Each structure stands twice: as C-alpha cells, then as structure tokens.
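Me: I am new to reading protein models, and I would like to go through this one step by step. Could you show it to me and then take my questions in turn?

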Amino acid sequence: YLLPLYPMLCLLAAWGLLGLLRQASQSPRRWARPAAAGLLVLVVAWTAAWAVAFTSIYRQLHPRLAASRWIFDTIPAGATLASEAWDDALPISASVRTQASRYTILPLPVTDDDSPAKVDALVAGLDRVDFVVVSSGRNAESLVRLPRRFPAKVRYYDALGDGRLGFDLAAEFSAVPHLGPIPWSDAQAEEAFSVYDHPVVRIYRKGERWSADAARALLQDVDWPAVVRVTARQVSRAPHLLELPGPRREQLL
C-alpha cells in the first residue's frame, strides 16, 4: 500500500545524499568529502544489490502456481483439500490446462473467534479432508500474535507444523530473493509481499496418526473463560490489560 510513495522517497534520499556531499566538499575537514562520497557509493551499491536480488523473485514461478502444479501432478482427482478463510484457495486452474473443480475445496473457519464450537467445526472439517493447504502466512503468522484471543489456533498451527495433529508436510513452495547463490530473506516484509507477491505455501497430507478425538482434546485444552477478544493494536498499546480480572479488563478495553 506504500508503493506509490517509493519513487518520492528515492528522490528525497538522493537529494539528501547529494546535499551531504556538497556540504562535505566545503568542510575544512579533509576526511569529510571521502566519507560522504563513500556513504553515497555504499547506499547506491546496497540499493542496486537489493534490487537485483529482489527481481530474482520474478524469474521464478509464483509459489501459488508452483503449488497448484504440484497438486495437479501429485494429488488424485476427487481428493478433498482444506483452504483457510480469508486466504486464496488452491489449486489455481490457470496454472496448467486443467480445472480445480476436480477437487473438493473445504474452507476451514480459522479466523472466527476461538470457542469450543469453532474447535468442533475445525476438527469436523479436518476429519473430512485429505490435505490441508496453507497458501500464505496471512493467518498462521498473524493469529498467533494474539494468543489470548486465539489460544486454540496457536495450538493448531504448532501441532500442524510439528506433526502432532496427524498431518505431515508434503510440499513447500517459496520464492526467496537471491543475489547469485546468496539468499536474501524478506520474510518480515509487509503483507503486500508476504501474502500476495511471493507467499510461502505449505501443503500437509493427512497421515495414519490422525484422530479426530485426539485433535479435539488437544485443541479444546484451553482456559476458555480467559480468552480475550482483543485487537493487535490494543495489545501493543497496553499489554498489561490482559492480566487484569475479567470485568475490569473488559471495561478498559
């Protein structure tokens, strides 16, 4: 969302660096001009290196397209795939000459407020699917930042990742900036990049260890009265509020 500002920011940075170089040229200190020139060269070289590394993303197949091709090539028709609410469902038909309609896509209620009913619905959905497709970190990396609001989801993503839920990582797709052989991670970039531009896609296959009862027991093991419907902004501004007794906490929030 800030991309339209980038050209102006680049112009301001260039104006500042040239202004610093002009001032350094008039300084009586002998080291001032070489230092300013060195800073200018360093900034330009670093920016150019990052630009070359970043454009390497677009010389790779988009992770969602790569994941879609893997699904079409690997998963038989008729399988049921879980997708996440508020995120793109895979596979994408445009990725190859075939149709996503050959699969059943089942959305999972990951973004609903945590509750026993949500856990029951989530487990019921998982019991029906053959694969869980996490097409970006939109939910997995945001909901876990609110553990008092989404304690069951924190458990869910932890158990999904380490296999305790009964699903195993079958494939992972990503496009990481590279400068030659050197990867240059931008995993902490804003959502425009980490969710849309080049997300990390993970596909989990249901294993023989899956048990609906075990999954329900794992995800329901939560102190439900302590769950707080709080926003990330409220947590960042006043994290101590979460430790107050329920009525007083709700009044202040």
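Me: In what order do the five strands of the open sheet stand?
Reply: This is a predicted model, and in it five strands come together in an open sheet whose pairing is mixed. Strands of a sheet pair through backbone hydrogen bonds, either parallel or antiparallel. Reading across the sheet, the order is β2-β1-β3-β7-β4.

Me: Which strands stand at the edges of that sheet?
Reply: A strand at an edge has a single partner strand, so one side of that strand is left without a neighbour in the sheet. From one strand to the next, the twist averages 25 degrees. The strands at the edges are β2 (104-108) and β4 (167-173).

Me: Which residue of β2 is the bridge partner of S83?
Reply: Strand β1 (residues 80-84) and β2 run parallel, and five bridges join them. One of the bridge partners is T104, which is matched with T80. For S83, the bridge partner in β2 is P107.

Me: Which residue of β3 is the bridge partner of A82?
Reply: Strand β1 also runs parallel to β3, and here two bridges join the strands. The bridge partner of A82 in β3 is V132.

Me: Which residues of β1 lie on the side opposite to T80, A82 and E84?
Reply: In a regular strand the side chains alternate between the two faces of the sheet. In β1, five of the five residues are buried, so this strand is largely enclosed by the rest of the structure. Both faces of β1 are covered, with T80, A82 and E84 buried on one side, while the buried residues on the other side are L81 and S83.

Me: Which helix packs on the sheet with a direction at about 115 degrees to that of β3?
Reply: One helix that packs on the sheet is α3 (residues 63-74), which touches β1, β3 (131-134), β4 and β7 (201-206), but the angle given for α3 is about 25 degrees with the direction of β7. Another helix, covering residues 151-162, touches β1, β2, β3, β4 and β7, and its direction makes about 115 degrees with that of β3; this helix is α5.

Me: How is the aromatic pair of W50 and F54 described: stacked, edge-to-face or tilted?
Reply: A pair of aromatic rings is described by the distance of the centres and the angle of the planes. The structure holds nine aromatic pairs, and in the pair of W50 and F54 the distance is 5.5 Å centre to centre. These residues are four apart in helix α2 (residues 32-55), which means that about one helical turn separates them. With 45 degrees between the planes, the pair is tilted.

Me: Is F54 buried or exposed?
Reply: The cut-off for buried is under 20% relative accessible area. W50, at 30% relative accessibility, counts as partly exposed. F54 has 15% relative accessibility and therefore counts as buried.

Me: What kind of aromatic pair do F54 and F193 form?
Reply: The ring centres of F54 and F193 are 5.5 Å apart. This pair links distant parts of the chain, with F54 in helix α2 and F193 in helix α6 (residues 191-197), 139 residues apart. Both F54 and F193 are buried, and ring pairs link them with W46, W50, Y58 and W184 into a cluster. Since the planes of F54 and F193 stand at 90 degrees, the pair is edge-to-face.

Me: How far apart are the C-alpha atoms of L40 and L20?
Reply: L40 has its place in helix α2, and at 21% relative accessibility L40 counts as partly exposed. Leaving aside residues up to four places away in sequence, L40 touches L17, L18 and L21. L40 and L20 are 20 residues apart along the chain, and their C-alpha atoms are separated by 9.0 Å.

Me: Over which residues does pLDDT stay under 50?
Reply: The chain has a mean pLDDT of 88, and 89% of its residues reach 70 or more. There is nevertheless a stretch where pLDDT stays under 50, and for this stretch the model has 14 contacts beyond four places in sequence; the stretch covers residues 243-253.

How values were computed:
Residues numbered from 1 in each chain as written. Predicted model: local features only at pLDDT ≥ 70, side-chain atom pairs only at ≥ 80, totals over all residues. Heavy atoms only, no water. Phe/Tyr/Trp six-rings, centres within 6.5 Å; stacked < 30°, edge-to-face > 60°. Buried < 20%, exposed > 50% of the residue type's maximum accessible area, 1.4 Å probe, protein only. Pairing = 2+ DSSP bridges. Axes fitted to C-alpha atoms, helices over the stretch in contact; angles between N-to-C directions. Contact = heavy atoms within 4.5 Å. pLDDT = per-residue confidence, 0-100.
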